[in-house]
Amino acid sequence: MVTGKDVENVAVKLLKLAVTELPQDVKAALRRAYSEEENEVGKAQLKAILDNVELAEKTGAPMCQDTGVVIFYVTAGSQVEGLDNVEDALRKATVRATREVPLRPNAVDPFTQKNTGDNTGRFIPYIHWKVVPGDTLEITALPKGGGSENVSALGMLSPSQGIKGLKKFVVDAVINGGAKPCPPTVLGVAVGGGADIAVNLAKEALLKPLNQPNPDPELVKLEQELREAANSTGIGPMGLGGKTTVLDVKVDYAHRHPASYPVAVVVQCWAARRASARIYSDGKVEYLTHKVAQKE
Ligand code: SF4
């Protein structure tokens with residue numbers, strides 16, 4: 001049985017971890033980019049980013065003033081009792097984290113322009129659900145910054161454009177984004193399904209650890225080609241030039257309608273924030289993306 005309070009406490013912790021401490025794989029990718037960057041200005045930008053990341057971790061303050069729109073991914077074991085408490089608990093956690101971390105209030109009514117002030121609103125926090133066999137509950141917090149989200153793109157290509165069209169669409173999205181998404185970015189790319197499926201898969205691809213290779217060798221090849229093509233643009237760290245425009249590209253796909261070829265690119269900035277935890281049936285909590293002292 002998971003209680004609402006357990007879920008709320010874990011989700012507050014996840015939001016705090018996400019905005020103050022990058023996962024190890026992202027830090028390692030930024031460090032590697034720094035050591036390999038040859039452009040002086042680009043290298044200085046990466047140094048500033050790494051210093052900022054370190055400072056945020058040390059002081060417990062958010063690494064960027066834009067703490068994003070709050071999105072949760074919930075993977076629920078079918079035997080978990082108390083799942084009806086989860087959505088309410090995640091909303092309460094968002095309100096609490098906004099006050100306690102603090103997070104910048106980023107939920108605005110699109111008609112009245114009124115900011116709710118606590119990061120909740122209609123469909124916000126947005127909660128993605130997956131039900132799987134088992135008795136554990138896994139929660140991931142993805143606070144998604146606006147600058148990178150704004151340059152995400154959906155193309156309803158023609159099937160005749162195929163993989164060549166996909167590559168051009170992705171590179172065009174990177175070029176059009178320029179400095180706006182605070183590069184180096186991570187690109188979530190998905191092809192197939194319908195418009196909604198492609199965008200959802202592309203965003204979910206951002207949850208994959210950067211050091212975890214795609215299990216599909218064909219997609220490994222495509223990811224590498226897209227990474228090289230994006231980095232050949234020379235946009236560089238913070239758009240000031242260099243060979244690191246993207247840290248990584250993660251590709252996923254769904255089968256498609258014979259007449260459709262949707263391609264989605266969801267862009268994540270250098271502040272590639274995410275935090276996950278697993279709650280066991282006995283109440284034990286395991287943090288999956290961050291090191292957290294046991295007593296917490
Ligand atoms: S795009 Fe990312 S790093 Fe840039 S301001 Fe937004 S949240 Fe911060």
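These notes walk through a predicted model, from its ligand site to its inner spaces.

1. **The ligand shell.** Ten names matter here. The residues around the ligand are Cys64, Asp66, Gly145, Gly147, Ser148, Pro181, Cys182, Cys269, Trp270 and Arg273. By class, this shell holds five nonpolar, three polar and two charged residues.

2. **Cysteines at the ligand.** Cys64, Cys182 and Cys269 are among the residues around the ligand. Is Cys269 buried or exposed? Cys269 counts as buried, because its relative accessibility of 9% falls under the 20% cut-off. Cys182 has a relative accessible area of 28%, so it is partly exposed. The structure holds zero disulfides.

3. **Strand 5 and its cover.** Strand 5 runs over residues 185–193. How many of its residues are buried? The count is nine of nine, so the strand is mostly covered, each residue being under 20% relative accessible area.

4. **Neighbours of strand 5.** Strand 5 pairs with two strands named here. With strand 6 (residues 246–256) the sense is parallel, over eight bridges. Val186 stands opposite Asp248 of strand 6. With strand 7 (residues 261–268) the sense is antiparallel, over six bridges. There, Ala190 has Ala264 as its bridge partner.

5. **The largest pocket.** What is the volume of the largest pocket? The figure is about 350 Å³. Strand 1 (69–77), strand 2 (126–132) and strand 3 (137–144) are the elements that give two or more residues to its lining. The lining has 14 residues, and Tyr73, Thr75, Thr140, Glu204 and Leu207 lie nearest the centre of the pocket. By class, the lining divides into five nonpolar, five polar and four charged residues.

6. **The largest cavity.** The model has two cavities of 30 Å³ or more. The largest has a volume of about 70 Å³. Its lining includes Val151, Ala173, Val174, Pro181, Thr185, Leu187 and Val267. Pro181 is also one of the residues around the ligand. Which element gives the most to this lining? Helix 6 does, with three residues. Helix 6 (162–177) and strand 5 each supply at least two. The class split is eight nonpolar, four polar and no charged residues.

7. **The second largest cavity.** This cavity has a volume of about 50 Å³. It is lined by Val26, Leu142, Val186, Leu206, Leu210, Gln268, Ala272, Arg273 and Arg274. Two of these names recur from earlier points. Val186 is the residue that stands opposite Asp248, and Arg273 is one of the residues around the ligand. By class, the lining has six nonpolar, one polar and two charged residues.

8. **Ala202, inside.** Ala202 sits in helix 7 (residues 195–205). Its relative accessibility is 0%, so Ala202 counts as buried. Ala202 and Tyr253 are 51 residues apart in sequence, yet their C-alpha atoms are 8.5 Å apart in space.

9. **Gln45, part way out.** Gln45 belongs to helix 3 (residues 40–59). Why does Gln45 count as partly exposed? Its relative accessibility is 23%, and the partly exposed class lies between 20% and 50%. Gln45 and Gly242 are 197 residues apart in sequence and 9.9 Å apart in space, C-alpha to C-alpha.

Key:
Residues numbered from 1 in each chain as written. Predicted model: local features only at pLDDT ≥ 70, side-chain atom pairs only at ≥ 80, totals over all residues. Heavy atoms only, no water. Disulfide = S-S within 2.5 Å. Buried < 20%, exposed > 50% of the residue type's maximum accessible area, 1.4 Å probe, protein only. Near = heavy atom within 4 Å. Nonpolar A, V, L, I, M, F, W, Y, C, P; charged D, E, K, R; others polar. 1 Å grid on protein atoms, 1.4 Å probe; cavity = no way out; pocket = protein on both sides within 12 Å on 5 of 7 lines; lining within 4 Å. Points joined across faces, edges and corners; volume = space filled by probe spheres on them. Helix = DSSP H or I, 4+ residues; strand = E, 2+ residues; numbered from the N terminus. Pairing = 2+ DSSP bridges.
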